[in-house]
Amino acid sequence: MKLAVISFTKAGGRLCVDLTESLKREGHVCEGYVQARFCQDPEKLLGQGIYSTKEPVGAWTEKRFWAVDGLIYIGAAGIAVRAVAPLLKDKMRDPAVVVVDEQGHFAVSLLSGHVGGANELARTVARVCKGQPVITTATDVNGKTAIDGWAAKQGFWIGDRELAKQVSAKVLEGEPVGFFSDFPLESPETEQYRPGVICEINVWVTVRKSPRQEEALGQAMAAGKKLLRLVPGAMTLGIGCRRGIPGSRIEETVERILEKAQLDRHGLVRIASIDLKKKEDGLLSLSEKWKVPFVTFSAGELERVKESVAESPFVRQVTGTGNVCERAALLAAGDGAGLLVGKQAQNGVTVAVARGQKIWQRY
């Protein structure tokens, strides 16, 4: 996680230094901020990635609230509450907020416990400080697995926030929840999740937008059962296009093709093409807008793809390979990849979608 820590007292400053350095050793990207009035001898107090600050806590918070994954306040919980309150949006977007007392006795998960990861962060902070995590979310205190927290930990996109709350409520009430996955995944570690069993409310890990009518889940939905989709990062988008095609046209074309195939774009983890297109503005703008990395391969690399693809002599003459979109999608998807959507050509854009064996951390 990308973290920022702030302290308000002399003792808190010492803990800020120790905690920041410990979190960095554990692999987090972390910066610590100590009040300037406690830094008369900076060489003894400050280290790499630890800074003095004179900023009011509200201004400090506002600068970092949307720039980090988690904020840690060393001091009174009220300080943190007042600092973050004007910035709050919703549990799906707000960062994790943890408060720890200046002696490190208690680490309180204050905000975004599940989706934002504050519960796990509080446990980490407590372990580092040799203190006690304070977790108040109902599923956690009852030893249950909340589906939104489980999905966030896996990096899955949550299809319906309100339905996710209903799933967790069912789990808390001891009611069964059906669990289905198009991927080799184990269900969450709570007995209420029933793999392969249709229940009143069900969870489906998939890149598809809806089940087919003839499938069990499709029949269950037709009978009024509820279905929460969790979308993993598992698809790659291969694209070829004429030079100068605007990103808006590429986006419209891709969305139309995905919709026809009933695939959810939140499952995309890479946009791929040939290196001749590495500076193509339309592809770069789509990558930026959808926040999906854009990768390119040489003609030689694309030629090493062994799967059967639709060959074009004209494309080979221009690019050095007989197919860009399918080969790029398959290569970007990694080992064991297969095509979900073969080459589709529309409006000067060619598109293919592949899925590999790996699930990527997308969200």
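**Close-up views of selected sites**

**View 1. Ser273 is a buried residue, with a relative accessible area of 0%.** The model shown here, as in every view, is a predicted one. Ser273 belongs to strand 14, which runs over residues 268-274. A polar atom of the Ser273 side chain lies 2.7 Å from the backbone oxygen of Ile239. Beyond neighbours within four places in sequence, Ser273 contacts Ile239 and Gly240, together with Leu283, Phe294, Val295, Thr296, Phe297, Val324 and Ala328. Because its relative accessible area is 0%, under the 20% limit, Ser273 counts as buried.

**View 2. The chain as a whole is the setting for the close-ups, with 14 helices and 17 strands.** The C-alpha trace spans about 70 × 50 × 35 Å along its principal axes. The chain has 363 residues, and 49% of them count as buried. Of the contacts with a separation of 6 or more, 60% join residues 24 or more positions apart. The accessible surface amounts to about 17,700 Å², and carbon and sulfur atoms account for 50% of that area.

**View 3. The largest nonpolar core holds 42 residues.** Within this core, the residues with the most contacts are Ile147, Leu228, Leu230, Leu237, Ile239 and Ile250. Strand 13 (residues 233-241) supplies the largest share of the core, namely five residues. Another core, of 25 residues, lies apart from this one and includes Leu23, Ile50, Ile72 and Leu121. Leu237 touches Val254, Leu268, Arg270, Ile271 and Ala272, as well as Trp290, Ala329, Val351, Ala352 and Val353, when residues up to four places away in sequence are not counted. In soluble globular proteins, nonpolar side chains tend to be buried together.

**View 4. Helix 7, residues 147-154, contains buried residues and is covered by several elements.** The buried residues in this helix are Ile147, Asp148, Gly149, Trp150 and Ala151. Their cover includes strand 8 (157-158), helix 8 (161-172) and strand 9 (177-181). It also includes strand 10 (193-195), strand 11 (201-205) and strand 12 (226-231). Gly155 follows helix 7 and has a positive phi, near 85°.

**View 5. Helix 14, residues 325-333, is largely enclosed by the rest of the structure, because eight of its nine residues are buried.** These buried residues are Cys325, Glu326, Arg327, Ala328, Ala329, Leu330, Ala332 and Ala333. Just after the helix comes Gly334, with a positive phi of about 85°. One of the buried residues, Ala328, is among the contacts of Ser273. Another, Ala329, is touched by Leu237.

**View 6. Lys225 and Glu200 form one of the salt bridges of the structure.** The structure holds 14 salt bridges. The closest N and O atoms of Lys225 and Glu200 are 2.6 Å apart. This pair links distant parts of the chain, 25 residues apart: Lys225 sits in the loop between helix 9 (216-222) and strand 12, and Glu200 in the loop between strand 10 and strand 11. Lys225 is partly exposed, at 25% relative accessibility, and Glu200 is also partly exposed, at 48%.

**View 7. Lys209 and Glu259 meet through their side chains in a salt bridge, 2.7 Å from N to O.** Lys209 lies in the loop between strand 11 and helix 9 and Glu259 in helix 10 (residues 247-261), so the pair ties together parts 50 residues apart in sequence. Both partners count as partly exposed: Lys209 has 32% relative accessibility, and Glu259 has 40%.

**View 8. Glu55, Lys63 and Arg64 are joined into one network by salt bridges that share partners.** Within this network, the side chains of Arg64 and Glu55 meet at 3.7 Å, N to O. Arg64 counts as buried, because its relative accessibility is 14%, under the 20% limit. Side chains of opposite charge can pair when their charged atoms come close.

**View 9. Cysteines Cys30, Cys16 and Cys129 appear in a structure that holds zero disulfides.** Cys30 is in no disulfide, and the nearest cysteine sulfur, in Cys16, is 7.7 Å away. Cys16 also has the sulfur closest to that of Cys129, but the two are 11 Å apart, which is too far for a bond. Both Cys30 and Cys129 are buried, with relative accessible areas of 5% and 17%, respectively.

Definitions and conventions: Residues numbered from 1 in each chain as written. Predicted model: local features only at pLDDT ≥ 70, side-chain atom pairs only at ≥ 80, totals over all residues. Heavy atoms only, no water. Core = buried A, V, L, I, M, F, W, Y, C linked by side-chain atoms within 4.5 Å. Buried < 20%, exposed > 50% of the residue type's maximum accessible area, 1.4 Å probe, protein only. Helix = DSSP H or I, 4+ residues; strand = E, 2+ residues; numbered from the N terminus. Contact = heavy atoms within 4.5 Å. Salt bridge = Lys/Arg side-chain N within 4 Å of Asp/Glu carboxyl O. Disulfide = S-S within 2.5 Å. Polar contact = N/O pair within 3.5 Å; in protein donor to acceptor, adjacent residues only side chain to side chain. Areas by Shrake-Rupley, 256 points an atom, 1.4 Å probe, with all protein chains shown as cover.
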